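This report looks at salt bridges and at the surroundings of the residues that form them.

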Amino acid sequence: MDGRQIMGLGGLRGLRGELQYILQRSAGGFLFGIPLLYTVELWSIGSATEPLWLLGALGIGFMGVFLISLAETLRRHGRFHWQENLIETIEVLAIGLLCAFLSLVLIRRITEATPLSELLGKLVFEGISFAFGAALATSLLNKNGGRTGERSPQTLEPASGQAHTSPDVRDTWADVDATLLGAFIIAFNIAPTDEVGILANATPTLWLLVMILASLVLSYLIVFAAGFTNQDERQHQPGWLQRPLSETLLAYFISLIASVFMLWFFHQLHPGDPWQKWLSSTIVLGLPASIGGAAGRIIL
């Protein structure tokens, strides 16, 4: 292998590490930002705030992310790296704003008819919460912290006397429990609010398919693509329900069941309601529930 090939492989690994870094930060952003997204007060505050106040709010968000970055660097290295922290803060804030924009588009709080001033207001206030989540992602969701490229990969070997192909029901039930717990932790505070009904009524039927796809993609990326601590272990777990695709589908189905229960528990759905309301409300709440379920399978 010549020098150019070695440099090419090194660049590929570096690019993969940067991509996983972005995915990790985005996962934290979605996990911490989604609950605030389901808040009608934020929609109105964002659409009625003056530009100078928005600029000040963005500055406060920048300082908050910068302080989180400094604390994380001090914890990992015992000293500050001001220039690196400044660059990382800009990156994290940009990731938070991008994730917030995509989320607002997904729940149709930003459409082609949204005025620019209203768009910027919603984006700034929601983007700050996403940025805080993105800044905390590697500390709370990844035990190793830092960019994924800094970690040395671990090769997982099957346990003695146990083949990879032999199904293990315990792993499946552990994932079911973790998914349910994560879904309830994130979505339980959202289920009793009026925002779920508002979004469900305002979402066209075909757009529900987009929300389903987004929920599945986000769940898959968080668990199997973002490079968190136990990603390699999860990809080598035995059993056909432990494969990335089947596990993602099963976890989403469980998140929908949890969403139905929460909506029924808080009297947001009743047996006499039309099936369209049941379907749309469940899918709308299924978005934060599936993200919480994905986080649960990482942490637990």
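## A pair between two helices

In this predicted model, R25 and E72 are joined by a salt bridge between their side chains, with an N to O distance of 3.8 Å. The pair links distant parts of the chain, since R25 belongs to helix α1 (residues 3-37) and E72 to helix α3 (residues 51-77), with the two residues 47 residues apart.

Both partners are shielded from solvent: R25 is buried, with a relative accessible area of 1%, and E72, at 4% relative accessibility, likewise counts as buried.

## A pair within helix α5

A salt bridge also connects K122 with E118, whose closest N and O atoms lie 2.8 Å apart. Here both residues sit in helix α5 (residues 116-141), where a spacing of four residues corresponds to about one turn of the helix.

The two side chains fall into separate exposure classes, K122 counting as buried at 5% relative accessibility, whereas E118 has a relative accessible area of 22% and is partly exposed.

## K277, D273 and the wider set

K277 forms a salt bridge with D273, and the closest N and O atoms of this pair are 3.7 Å apart. K277 is partly exposed, its relative accessible area being 33%, while D273 has a relative accessibility of 19% and counts as buried because the cut-off for that class is under 20%. Elsewhere, R25, E72 and E88 are joined into one network by salt bridges that share partners.

Across the whole structure, the search finds five salt bridges, among them the R25 and E72 pair described at the outset.

Key. Residues are numbered from 1 along each chain as its sequence is written. This is a predicted model: local features need pLDDT of at least 70, side-chain atom pairs count only at pLDDT 80 or more; totals for chains, interfaces and linings use all residues. Side-chain values use heavy atoms; hydrogens and water are left out. A salt bridge is a side-chain nitrogen of Lys or Arg within 4 Å of a carboxyl oxygen of Asp or Glu. Buried means under 20% relative accessible area, exposed over 50%, partly exposed in between (1.4 Å probe, protein chains only).
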